[in-house]
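Me: I have a model open and want to talk through its pockets, salt bridges and surface. Can you take my questions one at a time?

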Amino acid sequence: MLFNSYSFLLVFLPITILLFFWLGRINTLLGSGVLFLASLVFYGWWDVRYIGLPLISIIFNFAIGTSLTRLDSFYRRRLLVLGVSVNLLVLGYYKYAGFFLDTVRAMVGGEWQTIEIALPLGISFFTFTQIAFLVDAYRNQARELNIIYYGLFVTYFPHLIAGPVLHHKEMMPQFAKHNSCKINWENIALGLSIFILGLAKKRLIADKFAEYATPIFNYVSAGGQPMLFEAWVGALSYALQLYFDFSGYSDMAIGLSLMFNVQLPLNFNSPYKADSIIEFWRRWHMTLSRFL
C-alpha cells in the first residue's frame, strides 16, 4: 500500500485517524495500540505472509533490549553482539543472499536454479531502528518496558516505506505523552498541508519525469543505443524522478505523522545543493547518515 494509492487515501488513513482519536480518548496506550495494529495491517497489505517477520523481530529485540538493562557487564557485551549479529544476518539474507548465490554460480559454473527471495517491506528501516535501540539499551540510555509502545516504535507506518530511521529517545516520549491521542487541529492542518505538498511532488513531478526516463532505460535494456539528446533526457529525467520521489515520500511521512501528534526527524534537505559528495549523502538520507 503506497501513500498515494486510493486504498491508503480513502480507506486506510481515514479509518486509522478516526479509531486513533476515538479510542485514544479512553486511554493513551489504547490509542497507541490502534496505531500499532494499523501499522501491522499496513505492512501485511503488501504480503500478509511476511507479517510474522516484524513481529518475531520485535519480540526478539525487545527481549534482548530488556535483558541488556538487567545483566552485568560480562554478559551484556556478548548479548549485544548476539542481538546485532542476528539482525544483520536476517537483513543480509533478504537483501543479498540471492545476489551472493548468483555470483557463486557464475564463478563456479553451477547449474542450480536461481533463488528468488522477496525483499520484505521496510526491512532496512525496522532493522536499523532496532539495532540503534539495542546499542542505547547497552549504554543504559534506553529502557522500554511496554511492548506496545516498542512495537509501535518499530512498525510505525509513516516511516516504513522510505524512512526516516527512527531513534528510541526521540520517539518514545512522544508516544507516551498523556495528550498524544487528543485531537490537535493545528497539527492536523499543518500535517495535511505537508502531506499534500509531498503527494504533489510524487504524483505531479516524479511520476511525470518517470514517463520520460522509463522508456529510454527500457530501450537500453533491450539492446538499443539512444542518441546523445535521448541519453541526456533519460539521465536527467531519472535524476529528477529519484529526487522528487524521495523528497515527496519524506514530506508525506512527516505530514502523516504530524496528524497523529508525532514529529518525525527531517530526512531530506536539498541534496542537489551540496558542494561535495559527502555533504550530498548527509542531505539525501539524513537519519541514515546519523545512524551510521
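Me: How much space lies in the largest pocket?

Reply: About 270 Å³. This is a predicted model, where local features need pLDDT of at least 70, side-chain atom pairs count only at pLDDT 80 or more, and totals for chains, interfaces and linings use all residues. Residues are numbered from 1 along each chain as its sequence is written, and side-chain values use heavy atoms, with hydrogens and water left out.

Me: Which residues are closest to the centre of that pocket?

Reply: K95, G122, I123, S124 and F125, out of 15 that line the largest pocket. A pocket here is an open set of points on a 1 Å grid over the protein atoms alone, with protein on both sides within 12 Å along at least five of seven lines; lining residues have an atom within 4 Å of a point.

Me: Which helix gives the largest share of the lining?

Reply: Helix α5, residues 123-138, with four residues. Helices are DSSP runs of H or I, at least four residues, numbered from the N terminus.

Me: And the lining by class?

Reply: Eleven nonpolar, three polar and one charged. Nonpolar covers Ala, Val, Leu, Ile, Met, Phe, Trp, Tyr, Cys and Pro; charged covers Asp, Glu, Lys and Arg; the others, Gly among them, are polar.

Me: Switching to cavities. How many are there of 30 Å³ or more?

Reply: One. Its volume is about 40 Å³. A cavity is a set of grid points where a 1.4 Å probe fits but cannot get out. The volume is the space filled by probe spheres set on the points, which are joined across faces, edges and corners.

Me: What lines the largest cavity?

Reply: F20, S32, L35, L152, Q174, F175, S180, C181, F260 and V262. By class, that lining has seven nonpolar, three polar and no charged residues. Helices α2 (28-46) and α7 (168-176) each supply at least two residues.

Me: OK, salt bridges. How many in the whole structure?

Reply: Seven. The rule is a side-chain nitrogen of Lys or Arg within 4 Å of a carboxyl oxygen of Asp or Glu.

Me: What does E170 pair with?

Reply: R290, at 3.0 Å from N to O. The pair links distant parts of the chain: E170 sits in α7 and R290 in α11 (residues 286-291), 120 residues apart.

Me: Are those two buried or exposed?

Reply: Neither. E170 is partly exposed at 25% relative accessible area, and R290 is partly exposed at 43%. Buried means under 20%, exposed over 50%, partly exposed in between, using a 1.4 Å probe and protein chains only.

Me: What about K202?

Reply: K202 bridges to D245, with the closest N and O atoms 2.7 Å apart. K202 lies in α8 (residues 185-221) and D245 in α9 (residues 228-259), so the pair ties together parts 43 residues apart in sequence. K202 is buried, at 10% relative accessible area.

Me: Which residues share a network with that pair?

Reply: R203 and D207 are linked with K202 and D245 in a network of salt bridges.

Me: Where does K208 fit?

Reply: K208 bridges to E211, closest N and O 3.7 Å apart. Both lie in α8, three residues apart, about one turn of the helix.

Me: Last topic, the surface. Which residues make the nonpolar patch?

Reply: Y6, L10, V11, I15, L19 and W22, about 670 Å². Patch residues have over 30% relative accessible area and no salt bridge; like charges are joined within 9 Å, nonpolar side chains (Val, Leu, Ile, Met, Phe, Trp, Tyr) within 5 Å. Areas come from the Shrake-Rupley method with a 1.4 Å probe; for residues, only the protein chains shown count as cover.

Me: Where is Y6?

Reply: In helix α1, residues 6-24. Y6 is exposed, at 68% relative accessible area.
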